[in-house]
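Here are a few exercises to work through with the model open beside you. Try each task on your own before reading its solution.

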Amino acid sequence: MDFVTALFYAFSAILILAATQVITARNPVHAALFLVLSFFTAAGIWLLLKAEFLAIVLVLVYVGAVMVLFLFVVMMLDINMDKLREGFWGRLPLAAIVGVIVALEMSAVLLKGFLRPDNSVPAAASDIGGTKALGIEIFTNYIFAFEVAAVILLLAIVAAVALTLRRRKDSKYFDPAAAVKVKRADRIRIVSMKAESDRTATKNDAQTNTEKTGA
């Protein structure tokens, strides 16, 4: 076994372990961090397969943007995890059946490719992971799909910000527009009152008690 094959098996083991922790961790923040580890490990596997562009995109886009946004949403929405866990074990058999079907389908596709006699890589696919070739394809043949994906990501960011700015009873909220338009008369009202002191009130009480005693 050479060094590259050993790295592949090591990254695969870490990826499987991290992906398992994503769906079994009780804390959603811990699950998101394990998902970040899964993305980094998958990027390492892409590098071993000489797909540098996909590895960089996986780290920059999913780890640097999507996962950070997901962590902000999880921490700001104050999700009730007890309510989310209700009925977990009841849905587990259906989830297991779907998972087994997906695993069988992927195994059938992969085994069919591995068992082919002509298992060599075509010469045209030697630079398929390069940035230049993918850039030419994206910005010439798939420019419309690329722009649509950018708009969808922008909408997701705006929706996440809108969810965090909703009104909640346990947080203070004020309207910035109303704060800018406020005037001095709206903040302070000056009222003219007769001056009184505790000494004057004590003196009046003493005079009243004296008059009652004399009477």
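Of the 215 residues of the protein, 11% count as buried, where buried means under 20% relative accessible area, exposed over 50%, and partly exposed in between (1.4 Å probe, protein chains only). This is a predicted model, in which local features need pLDDT of at least 70 and side-chain atom pairs count only at pLDDT 80 or more, while totals for chains, interfaces and linings use all residues. Residues are numbered from 1 along each chain as its sequence is written, and side-chain values use heavy atoms, with hydrogens and water left out.

**Exercise 1. Describe the overall make-up of the fold.**

Step 1: Begin with the elements. The protein has 10 helices and 0 strands, taken as DSSP runs numbered from the N terminus (helices: H or I, at least four residues; strands: E, at least two).

Step 2: Turn to contacts, meaning heavy atoms within 4.5 Å. Among the contacts with a separation of 6 or more, 58% are made by residues 24 or more positions apart.

**Exercise 2. Work out how helices H1 and H2 pack.**

Step 1: Find the geometry. H1 (residues 3–24) and H2 (residues 28–48) pack at an angle of about 160°, and their axes are 8 Å apart. Axes here are lines fitted to C-alpha atoms, for helices over the stretch in contact, and angles run from 0 to 180 degrees between N-to-C directions.

Step 2: Name the arrangement. H1 and H2 are therefore roughly antiparallel to each other (angles under 35 degrees count as roughly parallel, over 145 as roughly antiparallel, 65 to 115 as roughly perpendicular and the rest as oblique).

Step 3: Give the handedness. The crossing of H1 past H2 is left-handed, that is, the near helix is turned anticlockwise from the far one by less than a right angle.

Step 4: List the partners. On the H1 side, the residues include Leu7, Phe11, Leu15 and Val22, and they meet H2 residues including Phe34, Ser38, Thr41 and Ile45. By class, this contact of H1 with H2 has 16 nonpolar, 5 polar and no charged residues. Ala, Val, Leu, Ile, Met, Phe, Trp, Tyr, Cys and Pro count as nonpolar, Asp, Glu, Lys and Arg as charged, and the others, Gly among them, as polar.

**Exercise 3. Decide whether serine 38 and threonine 41 are buried or exposed, and find what they touch.**

Step 1: Locate serine 38 in helix H2. Serine 38 counts as buried because its relative accessibility is 7%.

Step 2: Not counting residues up to four places away in sequence, serine 38 touches Leu15, Ala18, Ala19 and Val22.

Step 3: Threonine 41 is also in helix H2, and at 6% relative accessibility it counts as buried. With neighbours within four places in sequence left aside, threonine 41 is in contact with Phe11, Ile14 and Leu15.

**Exercise 4. Characterise two aromatic pairs.**

Step 1: Count them. The structure holds 3 aromatic pairs (rings of Phe, Tyr and Trp, its six-membered ring, pair if their centres lie within 6.5 Å; planes under 30 degrees apart count as stacked, over 60 as edge-to-face and the rest as tilted).

Step 2: Phenylalanine 8 and tyrosine 9 form an edge-to-face pair, 5.8 Å centre to centre with 70° between the planes. Phenylalanine 8 is partly exposed at 34% relative accessibility, and tyrosine 9 is exposed at 51%.

Step 3: Phenylalanine 139 and phenylalanine 146 are also edge-to-face, at 5.1 Å centre to centre and 65° between the planes.
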